[in-house]
Amino acid sequence: MTRTKGTPHVHPPSAAFLDAAAVRGQLKAWLVEHAYPLWWEVGADRVHGGFHEKLGLDGKPTNDPRRARVQARQVYSYSVAARSGWNGPVREAAEHGLTFFLNHYRRPDGLFRTKVAPDGAALDDTVVLYDQAFALFALAAAQSATPENRLAEEMAVAVRQRLLDTLHHAQGGFEESHPRTLPLLSNPHMHMLEACLAWMEQGGDAGWRDLAEEIVGLALTRFIDDDMGGLKEFFDGDWRPQAGTPGRIVEPGHQFEWSWLMLRWSALSGSKAAADAAWRMMAIGEGPGVDPARGVAMNALLDDLTPHDPVARLWPQTERIKAAVLAALATRDDADRSDGYWTMAANGGRGLMKYFDTPVKGLWRDRLNPDGTFVEEAAPASSFYHIVCAIQELDRAVDEAAHRD
């Protein structure tokens, strides 16, 4: 066939890309047709407000205490629901969660307590860094859903300043709590970085970029082991790996999650160091971090990259997808390499779908044992944020790649 002069050459989509696109379709249909409706119709508490902590495998809510991070995650999940094509009451669902969250978790000092009873009564007034990160993330999602109302942004800036005033660590990053508790953790800093990037993407003030840069610097100099290339979890008060086994733990899910964030930061800042770190962490997650027999990412390795906890929770599978699709887009000029990441994304999606085989559609399993059986337990609402973000990232990446081709 003769090509008309001036017509750009169109490369046919690769088998790896088509495979990832097919998995995208299956995941998105499950999310829109089953998960979003179920967790709004049954997962939302119409008596007290907010969202239930868990749904049993029979589809009925449990009566567990409610953690701040779960309410914040549900606010995010429903604030962005329209992006997936859910035609339910998106704004109502997001406001339902945000109202309960602000009314029952916000302390007089503007920070957020960690846990309340189902009726909203305070159970634990502690300020935990992880919860503050998700409060900032939820406020960013709420702001994006209602851009005409700047109240969420004003509140987020006040929380950020309060954290800098009360929990800022002299060597960078944050303490876990006040008074100090040890070990210090890398994980909440990952979610603080995620919140900063969310605010940066919608035009937040310069303070978000400054804080993001500080957290990335801390990750590059303290969290990531230069020799091994993996990111560690637990640290002493001076940001040195905690003594003993805790200081050796390397979680595959967090290698993926940090890779995704570091590639985003690199694209925004031009940081080669962040990108280099991302590729090394991703290789650990996808290499020794994945059990080939089950096709899923495991919970934890040690720093010699041998398995430490071979149980596979749901959330690492979602982070595998997110890292893979961003890597596939970043390497699109190298077809073979990009195809490898599309394959990784498709495999991650198939791994995730194993967790969706439940008696009630729209629920999920949480823990896959080494023998391939699932733990029989209620579905935690905390996983919805991971699932939504992964499916939306896969959806966006497939569309972007198809458009570029």
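The exercises below work through aromatic pairs, charges over rings, a helix and a sheet in this structure.

The model is predicted, so local features need pLDDT of at least 70 and side-chain atom pairs count only at pLDDT 80 or more, while totals for chains, interfaces and linings use all residues. Residues are numbered from 1 along each chain as its sequence is written, and side-chain values use heavy atoms, with hydrogens and water left out.

**Exercise 1.** Classify the ring pairs W199–W208 and Y355–F374, and state the burial of each residue.

Solution. Rings of Phe, Tyr and Trp (its six-membered ring) pair if their centres lie within 6.5 Å, and planes under 30 degrees apart count as stacked, over 60 as edge-to-face and the rest as tilted. A search of the whole structure finds 30 aromatic pairs. For W199 and W208, the ring centres are 5.6 Å apart and the planes lie at 10°, so this pair is stacked. Burial follows from relative accessible area: under 20% is buried, over 50% exposed, and in between partly exposed (1.4 Å probe, protein chains only). W199 has 0% and is buried, and W208, at 0%, is buried as well.

For Y355 and F374, the centres are 5.1 Å apart with the planes at 70°, so the pair is edge-to-face. Y355 is buried at 0% relative accessibility, whereas F374 is partly exposed at 22%.

**Exercise 2.** Find which charged residues lie over the rings of W260 and W279.

Solution. The criterion is that NZ of Lys or CZ of Arg lies within 6 Å of the ring centre and within 35 degrees of the ring normal. Over the face of W260 lies K322, at 3.9 Å from the ring centre. Over the ring of W279 sits the charged end of R337, 4.5 Å from the centre.

**Exercise 3.** Compare the expected and modelled span of helix α12, and decide how enclosed the helix is.

Solution. Helices (H or I, at least four residues) and strands (E, at least two) are DSSP runs, numbered from the N terminus. The expected span is 1.5 Å times one less than the number of residues. For the 22 residues of α12 (residues 383–404) this gives 32 Å, and the end C-alpha atoms are 32 Å apart, which agrees. Of these 22 residues, 16 are buried, so α12 is largely enclosed by the rest of the structure.

**Exercise 4.** Describe the order and pairing of the sheet that holds β2, β3 and β4.

Solution. Two strands pair if DSSP finds at least two bridges between them. The three strands form an open sheet in the order β2-β3-β4, with antiparallel pairing. Its edge strands, β2 (66–67) and β4 (122–127), each pair on one side only.
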